[in-house]
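Trainee: Got a minute to go through this one with me? I'd like to talk salt bridges, then pockets.

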Amino acid sequence: MGYVIALAGKGGTGKTTLAALIVRALKEKKAGSILAIDADPNSNLGEVLGVKSSENVGAILDEIAQGPDKIPAGMAKERFIQLKVQEAITEEDGFDLLSMGKPEGPGCYCYVNNVLRGLMAKLIADYDYIVVDNEAGLEHLSRRTSRRADALVVVSDASSVGLKSAQRISELVKALKFEVKKSFLLINRFNKDIQKDLVKNTGLEYLGNLPFDPGMEELSLSGKPVFDLKPDAPLFAALNQLGDKIWKHH
Ligand SMILES: Nc1ncnc2c1ncn2[C@@H]1O[C@H](COP(=O)(O)OP(=O)(O)OP(=O)(O)O)[C@@H](O)[C@H]1O
Ligand SMILES: [Mg+2]
């Protein structure tokens with residue numbers, strides 16, 4: 001059964017960067033098979049992971065919703081969607097990537113979304129680790145990917161506004177009845193521990209904080225993947241230390 005690590009948090013907090021670094025950490029630990037899922041329609045997880053190009057599931061859904069004639073005669077729609085999703089998975093060295101994209105068309109996607117959810121559940125079971133990068137704002141949290149996470153990591157800055165936003169995410173996850181085993185608060189770009197009473201309100205377990213890393217900033221400015229970050233870079237070293245709490249339960 002795949003161990004699902006989902007990243008959430010308000011815009012620009014570092015979800016995609018940390019999702020990519022978690023993939024790198026798991027790969028280097030040789031923890032098992034890894035599927036990275038980009039669930040942000042403005043997808044850039046692939047870029048941060050150094051993946052050249054990939055088809056996304058949204059484009060596939062458009063094709064199916066708009067042109068039933070695309071499905072070969074005699075093939076069940078569900079089987080067709082399954083083949084297309086398989087095709088959209090990019091196999092990289094040490095991990096696979098699947099970008100969810102976003103359907104653009106006006107058609108009705110209820111049926112395909114339902115089929116997709118079922119497929120995703122099966123797909124997820126085939127990997128040891130699944131790392132999901134979600135879009136900021138939670139109304140779409142994994143609607144088409146997974147309603148379950150073994151570890152939900154809410155990324156925030158250390159500001160009071162940031163922590164309130166983390167609290168809202170935590171409340172929404174409960175209200176939506178997502179099946180989340182553990183939810184963590186991870187403070188990014190901050191070098192000190194934050195006050196415990198600020199954390200308490202979020203209803204999340206405080207995982208720790210990660211420093212601002214000039215090396216990461218440099219990579220990001222030049223569009224380079226996280227694999228180019230030095231192994232002893234402060235951000236990666238700190239994540240590796242905290243990481244055990246994120247993935248140890250597996
Ligand atoms: N600890 C850090 N040190 C230095 N730079 C960082 C750090 N964390 C993130 N960044 C940089 O901050 C920027 C925003 O990070 P990222 O894209 O991961 O955030 P996000 O939460 O995924 O944003 P969005 O909500 O737009 O998807 C990127 O340029 C990234 O390289
Ligand atoms: Mg992002």
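Trainee: What do the side chains of Glu205 and Lys182 do?

Mentor: They meet in a salt bridge, 2.8 Å from N to O. The term means a side-chain nitrogen of Lys or Arg within 4 Å of a carboxyl oxygen of Asp or Glu. Glu205 sits in strand β8 (residues 205-210) and Lys182 in strand β7 (residues 179-188), so the pair ties together parts 23 residues apart in sequence. Strands here are DSSP runs of E, at least two residues, and helices are runs of H or I, at least four, numbered from the N terminus.

Trainee: Is Glu205 buried or exposed?

Mentor: Neither: Glu205 is partly exposed at 35% relative accessibility, and Lys182 is partly exposed at 29%. Buried means under 20% relative accessible area, exposed over 50%, and partly exposed in between, with a 1.4 Å probe and protein chains only.

Trainee: Before I go on, what sort of model is this?

Mentor: It's a predicted model: local features need pLDDT of at least 70, side-chain atom pairs count only at pLDDT 80 or more, and totals for chains, interfaces and linings use all residues. Residues are numbered from 1 along each chain as its sequence is written, chains are lettered from A and ligands numbered from 1 in the order written, and side-chain values use heavy atoms, with hydrogens and water left out.

Trainee: OK, how many salt bridges in the whole structure?

Mentor: A search finds seven. One of them joins Glu28 and Arg24, at 2.8 Å from N to O. Both lie in helix α1, four residues apart, about one turn of the helix. Arg24 is buried at 3% relative accessible area, while Glu28 is partly exposed at 43%.

Trainee: Now pockets. How much space is in the largest one?

Mentor: About 600 Å³. On a 1 Å grid over the protein atoms alone, a pocket is an open set of points where a 1.4 Å probe fits, with protein on both sides within 12 Å along at least five of seven lines; lining residues have an atom within 4 Å of a point. Points are joined across faces, edges and corners, and the volume is the space filled by probe spheres set on them.

Trainee: And which residues lie nearest its centre?

Mentor: Of the 24 lining residues, Gly14, Thr17, Arg189, Met216 and Ser220. Helices α1 (15-28), α2 (45-48) and α8 (214-221) each supply at least two residues of that lining.
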